[in-house]
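Below is my note on the model you sent, set out as numbered points. Please read it with the structure open.

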Amino acid sequence: MMASSRSLVSIAALAFFFQAYHASAITVTDVQWKAGLIAAGHQSWLIAKMQLEFLMIAKGVNVSKSKANMEESISLFDSEHIMLRDGNGLDIVEAPSQAIVNALGNVQAKWSPFKSFLKDNVANTSPTVLTTLDDMGSELYGLTQTCASRYVDAISGVEANFSGLQVNTANRQSMLVEKMAAEAFLLHFGVHPDTMLNRIVETRALFVDAHAGLLEGLNFVGLEATVNKCISQEMRLVTFFWDEFNEAIDTVIFEQLASDNSLNDIVAKIAGLRTKAAAATLAYADPPLSCPTTMTRRQWQMAFDVSTRQLMHAQKACRLFLQAAKQVNTLDSRILFLNSDVSATADLVAADMAAAPTQLVSEKYGVMWLRWLSLGEFMAQNINFVSDEDHRLLQIVEDQGKQFVNYGFEALEDIFTECKLKAPEVNCEELKVTGVQRILIQKAAFEAVLIGLERNVTENKKEMIQTIARFEGSQSGLIHQQPGLPRTLDICILQEMKHVDNLWTPFKNLLLQVHDGDHSVATLLTIWGMTWDAGVDPMSAQLTVAMQAYAEGRGVCTPPLTASRQELESAIKELGFLRAGTQKLAKHFLLSDIGIDSAENMNIWHATLKDLSTQLERIISGDTTLPVPIVQVVADRLFDLAEDLADVQSLTVDQYAHASLNLLQKSELAINAYVDAAFDMDPNVPGARSSLATASDVALSEITSKADAVKEALLPAIDFYSVMTVSIDILVPLPMTGTWSPGPTMKTAAMIARDIINQQQLVLPGFKIKLKFLDDQCDQGHARRAVLEEFAGTDPWVGLAGMACSSVCESLAVVSSSMYIPTVGMDCSGKALSDTSLFPDFVRLGVKTTSAKNVIIEWAKMFAWGHIAIVSGDPTIYREEATEYQEAFGNAGIGNSYASSIETDWQGMLLNMGALKDGKRRVVMVFGTETLFRMAVCASAEVGSREGMVWISVGIRSRSWWIVNDEAVLQHAASCTGSKVTSLLQSALFITGLGTSASQEPLDCYDGYTSDSLLDHIHKSIAQGYNDVTGNSTGAIEHPHVELMGAGADAICVQAKAIQHMLLDHDISELRSRQEAVYNKAVNFIRDELQIEGVSGPVKFSGNDRPGRLGLWQLSGSERILVGTVYDNGTIETGLSEGLRNETWLPAFPEPPSQPFPIGYVIVSIGVCMIVCPILLGCIVGHRSALLAWNPKGSRKQETESV
């Protein structure tokens, strides 16, 4: 598709021909003005056409026909010229102004010798002749153009009811096409070889500018944009034929020569373009009021292609602008922005031409053109200096970018509606959906950069989750069938869609990283890299391939489909499991029918059917471990099985036995087909083994043959569940595993709560609450993926209750809000979740622990703690919370420090605790898992710290966690058993939510129970294991998280009460429909109106929070004792009077006493010296005297001299 330009200089030049016009006395109608203008422009076309025909004769191309055509062109030029001068008595009047008379005279003066030249030199190929042809033709071409311009001037002067400039510009398209073709022949013959190639380039640019100017308009010279749908339809055809003709011209320009093949291609393609350009001129001169809107299959394909591609480029341009502000590959973002801006503009023009089956659609694209012209220019003017501090600029681009794409979606829906109505044979839905997927890729990336820029984070997170869900829903719908979309049956298209999914999955994971708080330039750069690789957008390119395949109804397997041995064996095994599942399905259906645990068997039947459907979809579409079906016969067998599996839900009991056998047979056929195909591809694939390994252990015939007898025997045992037919589905994600795993405790409490409500039938009479538990692993990424997968399924979710880890709550609060599913967190006591601007629809039962800082500060003052050392696990998880405590302690004048170590770094923990020992730090607050806490305690002993340290913990941990013999610790410190940890932790302080009620009023959802009695029931069930009324059981929990038992039950009650309230005005189907209005009403009730007596205390939300009490505990022996309370108004009751004790807290070991100076040695030494020194001195003096007495004088003198 050709490019467009906002600055069409060549058309603007027409404005300089405007001059004062003095009308003659002749009255000229609009019809006559149009006819004269078209004839004047036609003269230019004929000059170029005659040149081309002369050159075709010289080249020997269709010689006889070309001669006849040239003679006809000469004759037509003569007759038109005379009519322009003298009029024809009908629609052309004699030259209506002196300026036109003069221009016609100039043309005539040059025309006569040119005509003679053409006739005298036909078939002459000498360089001189061909050069003269070019020179004379070029001069005459300029004069005829001047004549047409004089008509435009005159029409402007009389204020006619049409645009002369527009008609003349349309006319010029025809002339420029002929001129390009003639110049290609001249290049071939070597005429003006230094400039001819540049002239071809310039002429092509003039055509592109004229065409774009007609469609887009050029305000400063008065050229109006095209808004008439019928004219757009004509221009669509011009564009179509131009694209083909332009390929031939491009070849000449690229090769820098006009080969015989290129000339033949030009001649072959010019005829259609010539005809359509002439028709467009007539349409501009006389705009049709109506026109047929019949479009070919290819035209509908083009309509969806360009309309969705335009929105993709527009969203991409906005995203690149934001990237430049965020400094994500700034230079490339600026350069690629310009390319996307131009592409968006060109595609807008193309969309209006190709995608406007009605006048309304054409007008919408006119509006979009004006909007993009404004937004694109605004971004172009600012992209080179925008930064993340330019909030006004960013807000404009965010708002207008969103408005533009939403308006574009409306126009696309109009196109789709017309396609469905007028072209039922076209794959309208598939074309729309695959085209929209290209937009959604850019839309999600656009939203990710907005989040990275901290722009309206809550709203954009919500929108990005919706965009992700829409993409994945469309992907699944395209492959597996949904209303309006047939199933994809072609294995080559399935392979193309698998390629799409392979590109999408890592892209989505990056988007979710941004959603979860990773706003780094590195991550945004990686997202950018996935949409631009060596000049190609891989995902857009792959979706375009898929779109073309859907348009054709079949794909091309290039290279041929293949799979590894491991993939083939995995697929066969999966089919074996599926075969066994069909028999499990039959078993539970028939057991339910005969009254054996009817409700539970039907629940299992629904769950099994969902699992089988998901499993079959994976086998059909392939995934990271499975290929798409490797041959068509395998795919066809799988499609047959899928159709029968989908029909199972509507069968009666009488039909079911036969249908189940049919499912078994079709699964066998699919397995056999896969085994055969796998063997053909790789004889080493052990297909028989894979198949037999999964053979069903259920004999359907035995079940069906004995069903009636069993039914008669067990009818009296059918319980109340058999009459309950309406289920209320609530999804319950819980941390069953992970860094913190209170999920088993909460699950047991929730099951008991569900069973009481269902059995009593007081809160929701006639309904049955159905809970589906899943392990969120206390990991926001895993939790989000698991919940999104459930939300994308077929289960009619009414609510979401669960979660204990704050990071998981933060993630799922956004997801559930995006999906319009009311959500209640069972714990999630993190500070950020109180922010109603970030989480406007979320509530949580966990009591905030922010008051814990005040408690610890009060203890510090009470016991004169001068320093509190904070030790944590992984700092990426705990550092932020630790910093908040440090700031609070610092503001209170309490010294503090921070150190961290991960669970696997024993040496790091020894170093940390050694530093605390050396610094005599005796008060230690620990953030981390129970294993990490035990590591810290044991490491303190290993480095020789004195027992009796003050250990502090905030948050709920499992009961008696200190007595556990932890292998992760024992491998480093073999003597640090649970008993040792208990001893070292004596008088440790714990701050948690209480999880109990101060009142013993009857509970709202559980008739006959008080808080204490229901907690006792839950506690016993946790200790012994719980068997629910459907036969499911949970094992005993040795170390439950007792403070969360009440919250597990209360969350189910909150959901039940909300549903009870909503059912007053709404049918259950409306609660399942995920309507925004219904969702908002439910959320508002929970947040603002709901008030119940809960197991864990009164439940009345304030914003996102449920006010409640904190319990202050101290370890005494092996048990915790309550030594204080923090009330919901912030009042703290704690101290010695509340039972708090400090007898076991000891200071650090004292420094060893310093050794006294050995003064005795000094005294003895002095005494010895006082006795010995005089004696020694006396001996020396005596010896000296003896010497002097013995020697004579002479000898004495000699001795003196010799000494």
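1. Met379 is a reasonable place to begin. Beyond its neighbours within four places in sequence, Met379 is in contact with Ala317, Cys318, Phe321, Phe337, Trp372 and Val397. The model is a predicted one, and these contacts should be read on that basis.

2. Met379 belongs to the largest nonpolar core, which has 205 residues; together with Phe304 and Tyr1006, Met379 touches the most other members. Helix α14 (residues 428–452) gives this core its largest share, 14 residues. Another core, of 86 residues, lies apart from it and includes Phe77, Leu176, Ala181 and Ile253. As background, nonpolar side chains tend to be buried together in soluble globular proteins.

3. For the protein chain as a whole, 54% of the 1203 residues are buried. The secondary structure amounts to 39 helices and 17 strands. Of the contacts between residues at least 6 apart in sequence, 77% join residues at least 24 apart.

4. In what order do the eight strands of the open sheet run? The order is β7-β6-β8-β9-β10-β15-β16-β17, with mixed pairing. At the edges are β7 (895–900) and β17 (1132–1134), each of which pairs on one side only. On average, and with direction ignored, neighbouring strands of this sheet are turned by 25° against each other.

5. Within that sheet, β6 (residues 867–872) pairs with β8 (residues 923–927) in the parallel sense, over four bridges. One residue to check here is Ile870, whose bridge partner in β8 is Met925. Helix α29 (residues 875–891) packs on the sheet and touches β6, β7, β8 and β9 (950–954). The direction of α29 makes about 175° with that of β7. Helix α31 (residues 930–942) also packs on the sheet, with contacts to β6, β8 and β9, and its direction makes about 170° with that of β9.

6. A separate strand pair deserves a line. Strand β1 (residues 726–734) and strand β2 (residues 767–775) run parallel and are joined by nine bridges. Asp729 has Lys770 as its bridge partner in β2. Is β1 mostly covered or mostly uncovered? Strand β1 is mostly covered, with eight of its nine residues buried.

7. The count of salt bridges comes to 43. In one of them, Asp78 pairs with Lys115, and the closest N and O atoms are 3.1 Å apart. This pair links distant parts of the chain: Asp78 is in helix α3 (residues 63–86) and Lys115 in helix α4 (residues 98–120), 37 residues apart. Both ends are partly exposed: Asp78 has a relative accessible area of 23%, and Lys115 is at 21% relative accessibility. With the buried class set at under 20%, neither Asp78 at 23% nor Lys115 at 21% falls in it.

8. A salt bridge within one helix is formed by Lys269 and Asp265, at 3.3 Å from N to O. Lys269 and Asp265 are separated by about one helical turn because they are four residues apart in helix α9 (residues 260–285). Asp265 counts as partly exposed, at 28% relative accessibility.

9. Which parts of the chain does the Lys402 and Glu459 pair tie together? The side chains of Lys402 and Glu459 meet in a salt bridge, at 3.5 Å from N to O. Lys402 lies in helix α13 (residues 391–422) and Glu459 in helix α15 (residues 457–480), so the pair ties together parts that are 57 residues apart in sequence. Lys402 is buried, with a relative accessible area of 13%, whereas Glu459 is partly exposed, at 39%. Lys402 and Glu459 are also part of a network of salt bridges that links them with Glu398, Arg455 and Glu463.

10. Helix α15 can be checked for its span. At 1.5 Å a residue, its 24 residues should span 34 Å, and its end C-alpha atoms are 34 Å apart, so the two values agree. After α15 comes Gln481, which has a positive phi, near 85°.

How values were computed: Residues are numbered from 1 along each chain as its sequence is written. This is a predicted model: local features need pLDDT of at least 70, side-chain atom pairs count only at pLDDT 80 or more; totals for chains, interfaces and linings use all residues. Side-chain values use heavy atoms; hydrogens and water are left out. Two strands pair if DSSP finds at least two bridges between them. Helices (H or I, at least four residues) and strands (E, at least two) are DSSP runs, numbered from the N terminus. Axes are lines fitted to C-alpha atoms, for helices over the stretch in contact, and angles run from 0 to 180 degrees between N-to-C directions. Contact means heavy atoms within 4.5 Å. A nonpolar core is a set of buried Ala, Val, Leu, Ile, Met, Phe, Trp, Tyr and Cys residues joined through side-chain atoms within 4.5 Å. Buried means under 20% relative accessible area, exposed over 50%, partly exposed in between (1.4 Å probe, protein chains only). A salt bridge is a side-chain nitrogen of Lys or Arg within 4 Å of a carboxyl oxygen of Asp or Glu. The expected span of a helix is 1.5 Å times one less than its number of residues.
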